[in-house]
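Here are a few friendly notes to read alongside the structure. Take them one at a time, and look up each element as you go.

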Amino acid sequence: MKTEWKGREAINNIKPYSPGKAINEVKKELGLDKVYKMASNENPLGPSPLALEAIRNNMEDIHIYPDGSSLFLKEALAKKNDIGIDQIIVGNGSDEIIKLLGESFLEDGDTIIMGDPSFSEYDYIGNLMGAKVKKVPLVDFAFDLELVLDNLDESVKIIALCNPNNPTGTVIEKEALIDFIERVPQNIIVVLDEAYKEYAGQDLYSGLNFIKEGKNNILVLNTFSKIYGLAALRVGYGMGSESLISWILRAKEPFNVNVLAQVGARAALSDIEHVKKSLELNEAGKEYLYKEFANRGYISSPSGANFIWVDIKQDSKKIFDALLKKGIVIRPGYVFGAATHIRVTIDKPEVNRYFIEMLDDVIMNDK
Ligand SMILES: Cc1ncc(COP(=O)(O)O)c(C=O)c1O
């Protein structure tokens, strides 16, 4: 049929996001009973039990519109991070805040800088808003901040740094970050996307430090989708100066975060036990997988997150397909432009072991 309508030119440049395959989809497609999703960096321990309890206790209220400002959640976040309530924006996942950032800052003629490879939402908002996306290659799978500075020009409005980076897991060194933030012109917004911050622990120098020093051009992003285990609820938050946050808030929908997400996230914040267990599980799994990869001669990047980026020296598309048939979903590196890498989410010990067994199996059979 002939198309009569004409969409926005910018939409032409958008490649629809290809998420990690859903468990039910894989089960149905391949007729499998059991599928392990090691593709989207979710928490294998599941949601915080305190969050579940809070959600159950608030189910009766879903006929009422949620608090559009997520006030109680912001109060808890302000306390935890020791900043003002007006320095926080809560979103329908940090994805929403990334989109709001694009909508409130980018237009035709502007540039957003991101790493290559890095989190695709930054590519998406650049294209969506008709801006230019400049991808600065990582060096040894980590940000080279000198190279980022070399790429600055008058058109650059936003620099997006994922710290730790997705998909490589690498963390930016404190001194390099401080030096970089001092040298970036103040009219450029620097996003420090710290979705995996809890896993990085002491290794991470958080962008929150710059905000507390009074820097006006820093946006720090965090999420409840990772260590708090609430990915399906969709709740994330951004922190910055009051003026930056109030600017981004102008683009926000009135009721962007549902009530169950607000109460669940607030309860999860106080669930110290769940966070501790999740961290311990992740550390043990990371050590195990590092060792197994090293034993096989596969080089993995040091990870400050709940996933590992590893060179398995094989066509990642083939390995992805073969593992899928075994009921394991990973993220193949070719989607990030790295043909022989894979990104695998750290899971429970028995799942990690099964993954290694199946990886050996599919690699052996590929020879
Ligand atoms: C670096 C990074 N930022 C943001 C997100 C999005 O998180 P959310 O679920 O809060 O939208 C992800 C999700 O994988 C991520 O890896």
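**Notes on two strand pairings and a helix pair**

1. Let's begin with a single pairing: Ile299 has Asp311 in β10 as its bridge partner. Please keep in mind that this is a predicted model. Strand β10 covers residues 307–311, and 2 bridges join β9 to β10 in an antiparallel arrangement.

2. Now widen the view to the sheet. It is open, has 4 strands in the order β9-β10-β13-β12, and its pairing is antiparallel. Why do β9 (299–300) and β12 (331–332) each have one side without a neighbour in the sheet? Both stand at the edges with a single partner strand, so there is no neighbour on the other side.

3. A helix belongs in this picture too. Helix α12, residues 272–295, packs on the sheet and touches β9, β10 and β13 (341–345). The direction of α12 makes about 5° with that of β10.

4. Next, try strand β2, residues 88–91. In a regular strand, side chains alternate between the two faces of the sheet. In β2 both faces are covered: Ile88 and Val90 are buried on one side, and Ile89 and Gly91 are buried on the other. Strand β2 is joined by 4 bridges to β8 (residues 236–239), running antiparallel, and Gly91 stands opposite Gly236 in β8.

5. Last, a pair of helices. At what angle do α4 (residues 94–105) and α5 (residues 121–128) pack? The angle is about 35°, with the axes 9 Å apart, and the crossing is right-handed. Residues that meet here include Ile98 and Lys99 in α4 and Tyr122 and Leu128 in α5. By class, this contact of α4 with α5 has 5 nonpolar, 1 polar and 3 charged residues.

Key. Residues are numbered from 1 along each chain as its sequence is written. This is a predicted model: local features need pLDDT of at least 70, side-chain atom pairs count only at pLDDT 80 or more; totals for chains, interfaces and linings use all residues. Side-chain values use heavy atoms; hydrogens and water are left out. Two strands pair if DSSP finds at least two bridges between them. Contact means heavy atoms within 4.5 Å. Axes are lines fitted to C-alpha atoms, for helices over the stretch in contact, and angles run from 0 to 180 degrees between N-to-C directions. Buried means under 20% relative accessible area, exposed over 50%, partly exposed in between (1.4 Å probe, protein chains only). A crossing is left-handed if the near helix is turned anticlockwise from the far one by less than a right angle, and right-handed if clockwise. Ala, Val, Leu, Ile, Met, Phe, Trp, Tyr, Cys and Pro count as nonpolar, Asp, Glu, Lys and Arg as charged, and the others, Gly among them, as polar.
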